[in-house]
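Visitor: I would like to go through the labels on this model and see the reasoning behind them.
Guide: Pick a label, and we will set its value against the cut-off.

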Amino acid sequence: MIILIAALAFLATFIGGLFAIRFKDKLHLVLGFSAGAIIAVAFFDLIPEAIELGGTFYDVSTILSFTALGFIVFMILDRFVILHSHHTDDHSKEQGAGSAKRGRLGAGSLSIHSFLDGVAIGLAFQVSPAVGAIVTTAVLVHDFSDGINTVNLILKNGGSKKDAYKWLTVDALAPVLGVLSTFFFTLPEQILGIVLAIFSGFFLYIGASDLLPESHHSHPTLWTTCATIIGMAVLYTAIRFAGV
């Protein structure tokens with residue numbers, strides 16, 4: 001059963017990425033949707049999970065402080081380590097190595113999060129089948145969006161389709177490896193809660209500072225704004241429907 005779930009997570013992520021590649025000409029709308037989706041995952045999935053898992057060991061303000069820490073750490077990496085530069089109106093010009101690094105860092109963060117999703121599934125089934133089913137539903141809900149986000153981060157930062165497929169494969173395999181890894185170790189809830197809080201900060205930065213501004217670049221603000229709201233609404237509804 002758990003191997004089948006890992007396979008479903010792989011397919012959900014990969015299909016999401018293929019969707020983003022297929023509709024590249026409408027990328028600004030997909031970016032708007034992705035921005036809303038990734039922000040919604042942080043607000044409605046990761047942060048609540050972090051509070052639930054770590055609430056026994058830390059107060060809410062401490063957990064949210066780790067979310068802020070994740071935001072700050074990613075901002076520092078983005079602006080100083082990967083040489084982030086502001087885009088100009090001539091966006092069609094080839095982007096530099098710093099932008100490519102930015103895409104890889106974002107895709108890498110999504111892949112690590114996907115690995116943690118797999119870990120969460122495996123550990124949840126160690127608790128009980130019922131808990132495992134709830135966590136699995138929540139993971140599958142946003143794995144499709146993870147695939148879209150991974151491809152978008154590569155393509156919009158100057159990466160090729162080959163790079164996009166490579167990172168999509170990495171992201172799709174990550175939850176499978178995460179599930180399998182739990183056969184060999186267990187992660188204390190207080191640590192997993194903090195890790196999720198930090199990654200929620202990563203995602204808030206990626207959505208608000210990267211995907212959201214880029215979706216509006218040289219495109220009608222009305223439609224990209226609608227796409228962002230739809231992205232948030234879809235993920236919110238799906239997560240709530242999953243019972244998390």
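**Labels and their reasons**

Guide: This is a predicted model. Start with F74: its relative accessibility is 4%, so F74 is classed as buried.

Visitor: What makes 4% enough for F74 to be called buried?
Guide: Buried means under 20% relative accessible area. F74 has 4%, so the label holds.

Visitor: Why is the pair of F74 and Y205 called tilted?
Guide: The ring centres are 5.5 Å apart, and the planes meet at 45 degrees. Pairing needs centres within 6.5 Å; stacked is under 30 degrees and edge-to-face over 60. The angle of 45 degrees fits neither, so this pair is tilted. F74 sits in helix α3 and Y205 in helix α7, 131 residues apart. Both belong to one aromatic cluster with F71, F199 and F202.

Visitor: Why does Y205 count as buried?
Guide: Y205 has 2% relative accessibility, so it falls under the 20% cut-off.

Visitor: How many aromatic pairs does the structure hold?
Guide: Seven. One of them joins F44 and Y236, with 4.8 Å between centres and 75 degrees between planes.

Visitor: What makes the pair of F44 and Y236 edge-to-face?
Guide: Its planes are 75 degrees apart, and edge-to-face means over 60. F44 is in helix α2 and Y236 in helix α8, so the pair ties together parts 192 residues apart in sequence.

Visitor: Why is F44 called partly exposed?
Guide: F44 has 21% relative accessibility. Partly exposed lies between the 20% and 50% cut-offs, so F44 qualifies.

Terms used:
Residues are numbered from 1 along each chain as its sequence is written. This is a predicted model: local features need pLDDT of at least 70, side-chain atom pairs count only at pLDDT 80 or more; totals for chains, interfaces and linings use all residues. Side-chain values use heavy atoms; hydrogens and water are left out. Rings of Phe, Tyr and Trp (its six-membered ring) pair if their centres lie within 6.5 Å; planes under 30 degrees apart count as stacked, over 60 as edge-to-face and the rest as tilted. Helices (H or I, at least four residues) and strands (E, at least two) are DSSP runs, numbered from the N terminus. Buried means under 20% relative accessible area, exposed over 50%, partly exposed in between (1.4 Å probe, protein chains only).
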